[in-house]
Amino acid sequence: MSVNTKRSREVQPFQVMAILAEAHALQAQGQDIIHLEVGEPDFPTPEPVTEAAIRALRAGHTGYTPALGLPQLRERLAQYYHERFGVEVASSRILLTPGASGALLLLAAARLNPGDGLLLADPGYPCNRHFARVFEAHGQLVPCGPQQKYQLTAADIEQHWQANTQAALVATPANPTGTVLSLSELEQLNQACQAQGGELWVDEIYQGLNYGDAPETVLSVADDAVVLNSFSKFFGMTGWRLGWTVVPESWVPAMDTLAQNLFLAPPTPAQYAALGAFTPDVMAILEERRQILAERRDYLLEALPTLGFNVPVAPEGAFYVYADASRFTDDSLSFCARILRETGVALTPGVDFGEYRAGSHIRFAFTTDLTRLREAIERLGNWLETL
């Protein structure tokens, strides 16, 4: 008898984690590894944020919080939406969760029935469809090429919506492509979903890490859209595991009950740390880091084509370049494994992000400094000349 459920067998592994594990094993053997695979920049959490957590711990704030999070942090986030985006959001609609993954867990549990579909762009963050699968729903992948910025369009909603589709999930900025949806595009997507009697969920986890236009929120044009966000990326708090979702008021009681049962409460120290994240000093630190990431992005956009990688759409946000490697491979998983072992450069294969042309694409994360990026490009260039 199998020890695994059919459900668990159908949730595919995240290949980048296996690459990361092998990279660490090679490092332990003494090999110098340049990490361009995992979405975690080389910046520590801003010191004032860490200090806010330390003060809270010393004050004895180590017990449970309400299931949906500290009221004062929910209120501070509502204030942040008003200050940064000019949007009025009731704090009661902002639900704090253990990472954005916790937010998606709540949404999948609350909104997806067995057999329902969640419409997703391919390529896209793989765990999104796996959350649907855990609740006996299904990710419905729509091939999205560079001509549409690898993003779902309103026309895609109309064409690919099925009788069992419950919602469409888009990301802006997106992982792995870094592309951004305009407010007009978001408004059209929301209208298209409403016309089908469905919902629009918007992953804004990389909001703030924008390199062109100023960051936006879908709530500016669609107050009834669902938002997923996190303190991990822009705020530099990956390991603290704290995210949030903004939902219609009527959903809150059911999601409160689910939160009580699924994870009880978000991490208390992380919530007190996050309360220290909205000061001018912290925002200045985050802006300086955004500019550093922009310099790294610009370097890769210039360097990668010289090696033979095609970047048809420049990333406007996040910290990734999604590159076409079809000149070299149609098996991105084996290609990235070989690059790691033979050059010490760790990259993420396109097969982690879906099916559409996944074998010929690679994600480069510009999460290390320019010196190391230059070294990675030099190593890759020397190695590619031997192929």
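**Exercise 1. Determine how β3 and β5 are joined, and place β5 among its neighbouring strands.**

*Solution.* Step 1. β3 and β5 run parallel and are joined by four bridges. The model examined here and in the exercises below is a predicted one.

Step 2. A specific pair can be located: glycine 117 stands opposite threonine 165 in β5.

Step 3. β5 also runs parallel to strand β6 (residues 199-203), and five bridges join the two. Here alanine 171 has aspartate 203 in β6 as its bridge partner.

Step 4. A residue is counted as buried when its relative accessible area is under 20%. Seven of the seven residues of β5 are buried, so β5 is largely enclosed by the rest of the structure.

**Exercise 2. Describe the pairing of β2 and state what is found on its two faces.**

*Solution.* Step 1. Strand β2 pairs with strand β8 (residues 243-246) in the antiparallel sense, over four bridges.

Step 2. Within this pairing, glycine 243 in β8 is the bridge partner of threonine 97.

Step 3. β2 spans residues 94-97, and both of its faces are covered. Ile94 and Leu96 lie on one side, Leu95 and Thr97 lie on the other, and all are buried.

**Exercise 3. Characterise the largest pocket by its volume and its lining.**

*Solution.* Step 1. The space in the largest pocket amounts to about 820 Å³.

Step 2. Its lining comprises 45 residues, and those closest to the centre are Tyr125, Asn175, Ile205, Tyr206 and Lys233.

Step 3. Among the elements that give two or more residues to this lining are α2 (15-28), α6 (127-134) and β7 (226-230). The strands β3 and β5 of Exercise 1 also belong to this group. The element that gives the most is α5, with four residues.

Step 4. Sorted by class, the lining has 25 nonpolar, 13 polar and seven charged residues.

**Exercise 4. Carry out the corresponding analysis for the second largest pocket.**

*Solution.* Step 1. About 260 Å³ of space lies in this pocket.

Step 2. Its lining has 21 residues, with Val180, Leu181, Ser182, Asp213 and Ala214 nearest the centre.

Step 3. By class, these are eight nonpolar, seven polar and six charged residues.

**Exercise 5. Establish the surroundings of serine 332.**

*Solution.* Step 1. Serine 332 belongs to helix α12, which covers residues 332-343.

Step 2. The relative accessible area of serine 332 is 0%, so this residue is buried.

Step 3. Beyond its neighbours within four places in sequence, serine 332 is in contact with Pro349, Gly350, Val351, Ala358, Gly359 and His361.

Step 4. For valine 351, the backbone nitrogen is reached by the side chain of serine 332 at 3.5 Å.

Notes. Residues are numbered from 1 along each chain as its sequence is written. This is a predicted model: local features need pLDDT of at least 70, side-chain atom pairs count only at pLDDT 80 or more; totals for chains, interfaces and linings use all residues. Side-chain values use heavy atoms; hydrogens and water are left out. Buried means under 20% relative accessible area, exposed over 50%, partly exposed in between (1.4 Å probe, protein chains only). A polar contact is a pair of N or O atoms within 3.5 Å; within protein, one must be able to donate a hydrogen and the other to accept it, and residues adjacent in sequence count only if both atoms are side-chain atoms. Contact means heavy atoms within 4.5 Å. On a 1 Å grid over the protein atoms alone, a cavity is a set of points where a 1.4 Å probe fits but cannot get out, and a pocket is an open set with protein on both sides within 12 Å along at least five of seven lines; lining residues have an atom within 4 Å of a point. Grid points are joined across faces, edges and corners, and a volume is the space filled by probe spheres set on the points. Ala, Val, Leu, Ile, Met, Phe, Trp, Tyr, Cys and Pro count as nonpolar, Asp, Glu, Lys and Arg as charged, and the others, Gly among them, as polar. Two strands pair if DSSP finds at least two bridges between them.
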